[in-house]
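This briefing covers the surroundings of a bound ligand, two helix pairs and two backbone features. Please read the points below alongside the model.

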Amino acid sequence: MKVGVITLFPELMDGALEHGVIGRARTKGQLELELSNPRDLTADKHRTVDDRPFGGGPGMVMTPAPLSAAIVSLKEAMPEAPVVYLSPQGRPFDQAMARAWQAHGSVILVAGRYEGIDERVIDRLVDEEVSLGDFVLSGGEFAALAIIDAVTRLEPGVLGDPLSAEEDSFGIEGLLDCPHYTRPEVYENQTVPAVLMSGDHKAIARWRRQQSLARTRDRRPELLEKADLTKEDKVFLTSLGPSDGN
Ligand SMILES: Nc1nonc1C(=O)NCC1CCCCC1
């Protein structure tokens, strides 16, 4: 997997990209990262990357030339990669998008700052605008890190057990994940569901599936409409009383 990131603050991302799943994937060559800073591609002595907005208003806007040069430099390194601008105005990011980009093999992420980027850069060079959610961050860097993590963990060999990526929330046909327990068996007088201690793998798998179904129905019922449910799933859901929302 190749990921390009355009950011004015590469140092803000370095730490998160050197440790954990992402750090190990880079060390093992499963993830190639290339960061490009528009400030390094400025032509003026003040290395200007922003300016006041036409039409007035608060804040600054990222100027088109250095940002375009940074995008072009990464497109030359990854010509097949879609160019994705991260902003609240984008299409909501989801697991299907993560899977699509992992399967494609490369993506270039544009992390904006200030009030945003000159629209002409979006018109000329951005393939898609994507949002991590309906909230406003100070910059696109943390959104880029979240996306890099979500995509990298889908790369074969990155997670110890390939089932992990499948069994996480949104892994099993878009259902929420089941509850998890580990030692000690009794913690603060609270025990572990007996089925998990039974050694009956069929019963455990059924319990986990039913927990995922019940949680999804209670917390994110809209996901059930898109989920690939078996007859047994539907019988179980019908057997549940009214949702308590938890
Ligand atoms: N929400 C979001 N999802 O993806 N990115 C988000 C964001 O809030 N980014 C902040 C950026 C947006 C461009 C202008 C400067 C601030």
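**Ligand shell**

The ligand is surrounded by 18 residues, of which Tyr 85, Leu 132, Gly 133, Phe 135 and Leu 137 come nearest; a residue counts as near if one of its heavy atoms lies within 4 Å of the molecule. The model is predicted: local features need pLDDT of at least 70 and side-chain atom pairs count only at pLDDT 80 or more, whereas totals for chains, interfaces and linings use all residues. Residues are numbered from 1 along each chain as its sequence is written, and side-chain values use heavy atoms, with hydrogens and water left out.

*Composition of the shell*

- By class, the shell around the ligand holds 10 nonpolar, 6 polar and 2 charged residues (Ala, Val, Leu, Ile, Met, Phe, Trp, Tyr, Cys and Pro are nonpolar; Asp, Glu, Lys and Arg are charged; the others, Gly among them, are polar).
- At least two shell residues come from each of strand 5 (83–92) and strand 7 (128–131); strands (E, at least two residues) and helices (H or I, at least four) are DSSP runs numbered from the N terminus.
- Strand 5 supplies the largest share of the shell, 4 residues.

*Backbone atoms facing the ligand*

- A nitrogen atom of the ligand lies 2.8 Å from a backbone N or O atom of Leu 132.
- For Gly 133, a backbone N or O atom is 3.1 Å from a ligand nitrogen atom.
- At Leu 137, a backbone N or O atom lies 2.8 Å from an oxygen atom of the ligand.
- The protein buries 95% of the 400 Å² that the ligand exposes when taken alone (accessible areas by the Shrake-Rupley method with a 1.4 Å probe).

*Helix pairs*

- Helix 4 (residues 95–104) and helix 6 (residues 141–152) have axes that come within 8 Å and cross at roughly 70°; axes are lines fitted to C-alpha atoms over the stretch in contact, with angles from 0 to 180 degrees between N-to-C directions.
- Helix 4 is therefore roughly perpendicular to helix 6 (65 to 115 degrees).
- The axes of helix 1 (residues 10–18) and helix 6 come within 10 Å, crossing at roughly 20°.
- Helix 1 and helix 6 are thus roughly parallel to each other (under 35 degrees).

*Backbone features*

- Most residues other than glycine have a negative phi, and most peptide bonds are trans.
- Tyr 114, in the loop between strand 6 (106–111) and helix 5 (119–125), has a positive phi near 60°.
- The peptide bond from Arg 183 to Pro 184 is cis, with omega near 5°.
- Pro 184 lies in the loop between helix 7 (162–167) and helix 8 (201–219).

Conventions: A polar contact is a pair of N or O atoms within 3.5 Å; within protein, one must be able to donate a hydrogen and the other to accept it, and residues adjacent in sequence count only if both atoms are side-chain atoms. Angles under 35 degrees count as roughly parallel, over 145 as roughly antiparallel, 65 to 115 as roughly perpendicular and the rest as oblique.
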